[in-house]
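Let's take a walk through a protein together. Have a look at the picture first, and then we'll go through it piece by piece.

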Amino acid sequence: MSDSDTRLRTKARRKTQRPKLHKVILVNDDFTPREFVVAVLKAVFRVNEDQSYRIMMTAHRRGVCVVAVYTKDVAETKASEGTEAGKAAGYPLMFTTEPEE
Ligand code: TYC
């Protein structure tokens, strides 16, 4: 590309850069009590009792459930907070993250 020909490069750039979003995923296990999972979801992800119960039951029935999407840093921090809350109470509760398509 010559100095005067910036057409391709200019065209490819968005007016506003959007950060890639990452999913926080709740993983089911056989040991963590349901009420504990609900309490962690409410505390870490700021969802209400009803939403929290639905998310927990979806993971319980299907194996996993997407809790929310955030920027990479926030998703990783919240996943760690949730996993650490389980660990501190002696449960194998696990949250993972993955980039959105
Ligand atoms: N399966 C657990 C039980 O029956 C409850 C549970 C639900 C645990 C969702 C983890 O991500 C989870 N006590």
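Before we start, one term: a polar contact is a pair of N or O atoms within 3.5 Å, and within protein one of them must be able to donate a hydrogen and the other to accept it. Keep in mind, too, that what you're looking at is a predicted model.

Now put that term to work. The side chain of Lys23 makes a polar contact with the side chain of Glu101, at 3.3 Å. The two residues also form a salt bridge, with their closest N and O atoms 3.3 Å apart. Glu101 sits in the segment after strand 3 while Lys23 is in strand 1, so this pair ties together parts that are 78 residues apart in sequence.

Is Lys23 buried or exposed? Its relative accessible area is 13%, and the cut-off for buried is under 20%, so Lys23 counts as buried. Glu101 is another story: at 84% relative accessibility, it counts as exposed.

Lys23 has a second salt-bridge partner to show you. Its side chain meets that of Glu98, with 3.2 Å from N to O. Here again the pair links distant parts of the chain, with Lys23 in strand 1 and Glu98 in strand 3 (residues 94-99), 75 residues apart. Glu98 is partly exposed, with a relative accessible area of 35%.

Who else does Lys23 touch? If you leave aside its neighbours within four places in sequence, Lys23 is in contact with several residues, including Val66, Ala68, Val69, Thr96 and Thr97. Pro99 and Glu100 are also among them.

How many salt bridges are there in total? The count comes to 5. One of them joins the side chains of Arg54 and Asp50, at 2.9 Å from N to O. Unlike the long-range pairs you just met, which link distant parts of the chain, Arg54 and Asp50 both lie in helix 3, 4 residues apart, or about one turn of the helix. Arg54 counts as exposed at 54% relative accessibility, and Asp50 is partly exposed at 45%. Back at strand 1, salt bridges that share partners join Lys23, Glu98 and Glu101 into one network.

Next stop: the ligand. Around it you'll find Leu26, Val27, Asn28, Asp29, Thr32, Arg34, Val37, Met56, Ala59 and His60. Sorted by class, this shell has 5 nonpolar, 3 polar and 2 charged residues. Which parts of the chain do they come from? Strand 1 (21-27), helix 2 (34-45) and helix 3 (49-62) each supply at least two residues of the shell. Helix 3 gives the largest share, with 3 residues.

Zoom in on the ligand's nitrogen atoms and some polar contacts come into view. A polar side-chain atom of Asn28 lies 2.8 Å from a nitrogen atom of the ligand, and a polar side-chain atom of His60 lies 2.9 Å from a ligand nitrogen. With Asp29, the backbone does the job: one of its polar backbone atoms is 2.7 Å from a nitrogen atom of the ligand. As for how well wrapped the ligand is, on its own it has 350 Å² of accessible area, and the protein covers 89% of that.

Key. Residues are numbered from 1 along each chain as its sequence is written. This is a predicted model: local features need pLDDT of at least 70, side-chain atom pairs count only at pLDDT 80 or more; totals for chains, interfaces and linings use all residues. Side-chain values use heavy atoms; hydrogens and water are left out. A residue is near a molecule or strand if one of its heavy atoms lies within 4 Å of it. Accessible areas come from the Shrake-Rupley method with a 1.4 Å probe; for residues, only the protein chains shown count as cover. Ala, Val, Leu, Ile, Met, Phe, Trp, Tyr, Cys and Pro count as nonpolar, Asp, Glu, Lys and Arg as charged, and the others, Gly among them, as polar. A salt bridge is a side-chain nitrogen of Lys or Arg within 4 Å of a carboxyl oxygen of Asp or Glu. Buried means under 20% relative accessible area, exposed over 50%, partly exposed in between (1.4 Å probe, protein chains only). Contact means heavy atoms within 4.5 Å.
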